[in-house]
Amino acid sequence: MRSLKVTALCGAFLMAAALPAMAAHSRASLRITVTEHGHAPVTYELECDPDGGDHPSPEAACDRLRAVEGRLSALRRSNGACPLSSEPYRVAVEGNWRGRNVALHSTFANRCRAKAAGAGVFAF
């Protein structure tokens, strides 16, 4: 009987130890750095599940990312008319989406084009 109690206790301990790792696989943590022409780079942290960080719109950004299962290159929104101006807008996104490393490094002609490509996740 004692052996059964020890086995049950060990099993409970292993399950408790695994919970943080399981929770980490259901979360997302991204670092988003944007550099707009003529301005210093600005970095934002975005956390999803629960949604937060210092991103200007964490709930909307996380909803958009959940809709594409964290595939940054799949982010799109309706492409309205953007000016033809060339004011480079650089984006670097790196982090973890539910246990998977994700990254995107792109330069767009201007902020409008970045918004169209990033659906508000990395253009503000």
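This tour goes through a predicted model, moving from the nonpolar core to a helix, then to the disulfides and the salt bridges.

**The core**

Begin by selecting L46, L65, L75, V93 and F122, which touch the most other members of the largest nonpolar core, a set of 26 residues. To see where this core draws its residues from, colour β1 (28-36), β2 (42-48), α2 (58-67), β4 (89-97), β5 (100-108) and α3 (111-118), each of which supplies at least two of them. Then centre the view on V93 and display its surroundings: apart from residues up to four places away in sequence, V93 touches L30, R31, I32, L72, V102, A103, L104 and F122.

**Helix α2**

Select α2 next, and within that helix pick out P58, A61, C62 and L65, which are its buried residues. Looking down the axis, you should find them on the same side of α2, because they cover an arc of only 95° around it. If you now show what covers these buried residues, the elements that appear include β1, β2, β3 (52-53) and β4. Before leaving the helix, step just past its end to E69, where the backbone takes a positive phi of about 55°.

**The two disulfides**

Show the cysteine side chains, among which two disulfides are counted. The pairing, with the bonded cysteines numbered in sequence order, is 1-2, 3-4.

Go first to C48 and C62, whose sulfur atoms lie 2.0 Å apart in a disulfide. This pair links distant parts of the chain, since C48 belongs to strand β2 and C62 to helix α2, 14 residues apart. The torsion about the S-S bond of C48 and C62 is about -85°, so this disulfide is left-handed. C48 counts as buried at 1% relative accessibility, and C62 is buried as well, with a relative accessible area of 0%.

Move on to C82 and C112, which form a disulfide with their sulfur atoms 2.1 Å apart. Here the link runs from the loop between α2 and β4, which holds C82, to helix α3, which holds C112, and the two cysteines are 30 residues apart. The torsion about the S-S bond of C82 and C112 is about -75°, and the disulfide is therefore left-handed. C82 is buried, with a relative accessible area of 15%, whereas C112 counts as partly exposed at 23%. Keeping C112 selected and leaving aside neighbours within four places in sequence, display its contacts, which are A81, C82 and P83. A distance drawn between the C-alpha atoms of C112 and P83 comes to 7.5 Å, although these residues are 29 apart in sequence.

**Salt bridges**

Finally, show the charged side chains, for which the count comes to seven salt bridges. Select R27 and E47, whose side chains meet in one of them at 3.4 Å, N to O. R27 lies in the loop between α1 (2-25) and β1 and E47 in strand β2, so the pair ties together parts that are 20 residues apart in sequence.

Then turn to R66 and D51, which form a salt bridge at 3.0 Å, N to O. Because R66 lies in helix α2 and D51 in the loop between β2 and β3, this pair ties together parts 15 residues apart in sequence. R66 also meets D63 in a salt bridge, at 2.6 Å, N to O. D63 and R66 are three residues apart in helix α2 and are thus separated by about one helical turn. To finish, select D49, D51, D63, R66 and R98 together, which salt bridges with shared partners join into one network.

Definitions and conventions:
Residues numbered from 1 in each chain as written. Predicted model: local features only at pLDDT ≥ 70, side-chain atom pairs only at ≥ 80, totals over all residues. Heavy atoms only, no water. Core = buried A, V, L, I, M, F, W, Y, C linked by side-chain atoms within 4.5 Å. Buried < 20%, exposed > 50% of the residue type's maximum accessible area, 1.4 Å probe, protein only. Helix = DSSP H or I, 4+ residues; strand = E, 2+ residues; numbered from the N terminus. Contact = heavy atoms within 4.5 Å. Arc of directions from axis to C-beta. Disulfide = S-S within 2.5 Å. Salt bridge = Lys/Arg side-chain N within 4 Å of Asp/Glu carboxyl O.
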